[in-house]
Amino acid sequence: MEKPIMLKGIQIIDLTTIIFGPYGTQMLADMGADVVKIEAPGGDRFRQMGKPAKNPGMGGCHMTLNRGKRSVELDLKSPEHLNSLKSLLATADVFVHNIRDKAANRLGLDFESINSINPNIIYVHCTGFASGGPYSELQAYDDVIQAASGAVSLTCRTGVGSSPTYIPSAIADKIAGQYLSSAILAATIHKLRTGEGQKVEVPMFEAFTHFLLEEHLYGATFDPPTGPLCYERQIDPNRQPYRTFDGYLSIVPYTDPSLLRLFDVLGHPEALMREEFSTPELRRANMSQIFKIIGTLTEARTTADWMNRLIEAQIPAMPVRDIQDIFNDPHLKATGFFRRRVHPTEGPYFEMQPPIRFGAMPDFELRPAPRLGEHNEELIDSN
């Protein structure tokens, strides 16, 4: 019996822009969902990010975030185009958008209006902040959410920097996108079980704060608190990559037995014979000092030499790599993570393969990132 493509037959009308929404729906396209990206005239401006190889609007970020999707260009200020969108929504399984409430109401794209033309639709609103709070009408971008959540203060707590610093990744957008993906999947399961659609809200601030505080709520979990916020191991200034003779190395002696083996590998088991390190409990309590000692010992050998010794001793470790060298990673090469393909209009490009592997789903060719309005004729003009 032929294996089915996991989400084949699930149609998602995606009226989101930038990263948050498109990243969440891209993961569902990777699983076979039919994601129709609705774009305003000129397209999602994130199409320009990552210098295009040939054509404007086909930048690198668009190639990764919107693969597997179809593109329809509509001017929602036009009654005709707005009606075309509503015609698509009448038969869709999911509608996801990041328009603020007032604009959605004005366009007739609020939940009640869409539910009246498709009572079983899953209506997903991507917001910056949850409804009902004082921030609910504010605009939100990744940097804003990093600031509001406290993420930018973490580097100050490690002592690495004295000023708040953005994490150099659109991490809040992408984490919220993962919450979006799981929310759509959960609502789809509910619909398959009950036949019932629903309204779903996915707020970026709450999603990212939830993600950030999973470990960092820490001692403040309890009332009264048993300690401060922040998982102490994560903000320890001595818990940083260790300098080697020719580079840097990440070493994680997470368990007490691996810590003892590590000091054997380092050639200084006597370093743990001091009174303050004499028991597993004392070693755990004084890990910051131990991290500092490790840093004084690793410069004696090259990264490759240490890696051979650490792997043999079964101690978790990896060289610190410049992101520029990621294409040369031997593991990613062996697993086929980067696949070279040829886009119909943009020429050769590299496609990251979906990281999740489903035993019940066959491999299938992902649709390349669409040109702006590429599927208007197929989805709009032919109806």
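Let's start at one residue pair: Gln11 has Asp34, in β2, as its bridge partner. That pair belongs to a longer match, since strand β1, residues 11–15, and β2 run parallel and are joined by four bridges. To get from β1 to β2 the chain passes through α1, and this β-α-β crossover is right-handed. Before I go on, please keep in mind that what you see here is a predicted model.

Let's stay with β2 for a moment. Is this strand covered or not? Mostly covered: β2 spans residues 34–39, and six of its six residues are buried. Asp34, Val36 and Ile38 point one way, while Val35, Lys37 and Glu39 point the other way, and all are buried. So much for the side chains; now the next strand along. β2 also runs parallel to strand β3, residues 69–73, and five bridges join the two. Within that pairing, Val36 stands opposite Arg70 of β3. The chain goes from β2 to β3 through helix α2, residues 60–65, in a β-α-β crossover that is right-handed.

Let me step back to the whole protein. There are 383 residues, and 43% of them count as buried. The model has 16 helices and eleven strands, and the C-alpha atoms fill a box of roughly 80 × 55 × 45 Å along the principal axes. Looking at contacts with a separation of 6 or more, 68% are between residues 24 or more positions apart.

Now to the inside. Which residues have the most contacts within the largest nonpolar core? They are Ile12, Val124 and Leu180, in a core of 34 residues. The elements giving two or more residues to this core are α1 (20–30), β4 (94–97), β5 (122–127), α8 (171–194), β6 (198–203) and α9 (204–216). Of these, α8 gives the most, with seven residues. Val124 is a nice place to zoom in. Leaving aside neighbours within four places in sequence, Val124 touches Val94, Phe95, Val96 and His97, along with Leu180, Ile184, Val200 and Val202.

My last stop is further along the chain. Here we find an open sheet of three strands, ordered β7-β8-β9, with antiparallel pairing. Why do β7 and β9 each have one side without a neighbour in the sheet? Because β7 (242–243) and β9 (317–319) are at the edges, and each has a single partner strand. β8 covers residues 248–251, and its antiparallel pairing with β9 runs over three bridges. One pair to look for is Ile251 with its bridge partner Ala317 in β9. Helix α14, residues 303–312, lies across β8 and β9, at about 20° to β8.

That brings us to helix α11, residues 256–265. The buried residues of α11 are Ser258, Leu259, Leu262, Phe263 and Val265. Seen down the axis of α11, these buried residues fall within an arc of 155°, so they line one face of the helix. As a reminder, an α-helix has 3.6 residues a turn, so residues three or four places apart point the same way. What covers the buried residues of α11? The cover includes β8, α12 (280–285), α13 (287–297) and α14. And one backbone detail to finish: just after α11, Gly267 takes a positive phi of about 85°.

Thanks for listening, and I'm happy to take questions!

Note on methods
Residues numbered from 1 in each chain as written. Predicted model: local features only at pLDDT ≥ 70, side-chain atom pairs only at ≥ 80, totals over all residues. Heavy atoms only, no water. Pairing = 2+ DSSP bridges. Contact = heavy atoms within 4.5 Å. Axes fitted to C-alpha atoms, helices over the stretch in contact; angles between N-to-C directions. Buried < 20%, exposed > 50% of the residue type's maximum accessible area, 1.4 Å probe, protein only. Arc of directions from axis to C-beta. Core = buried A, V, L, I, M, F, W, Y, C linked by side-chain atoms within 4.5 Å. Right-handed = clockwise from strand over helix to strand, strands pointing away.
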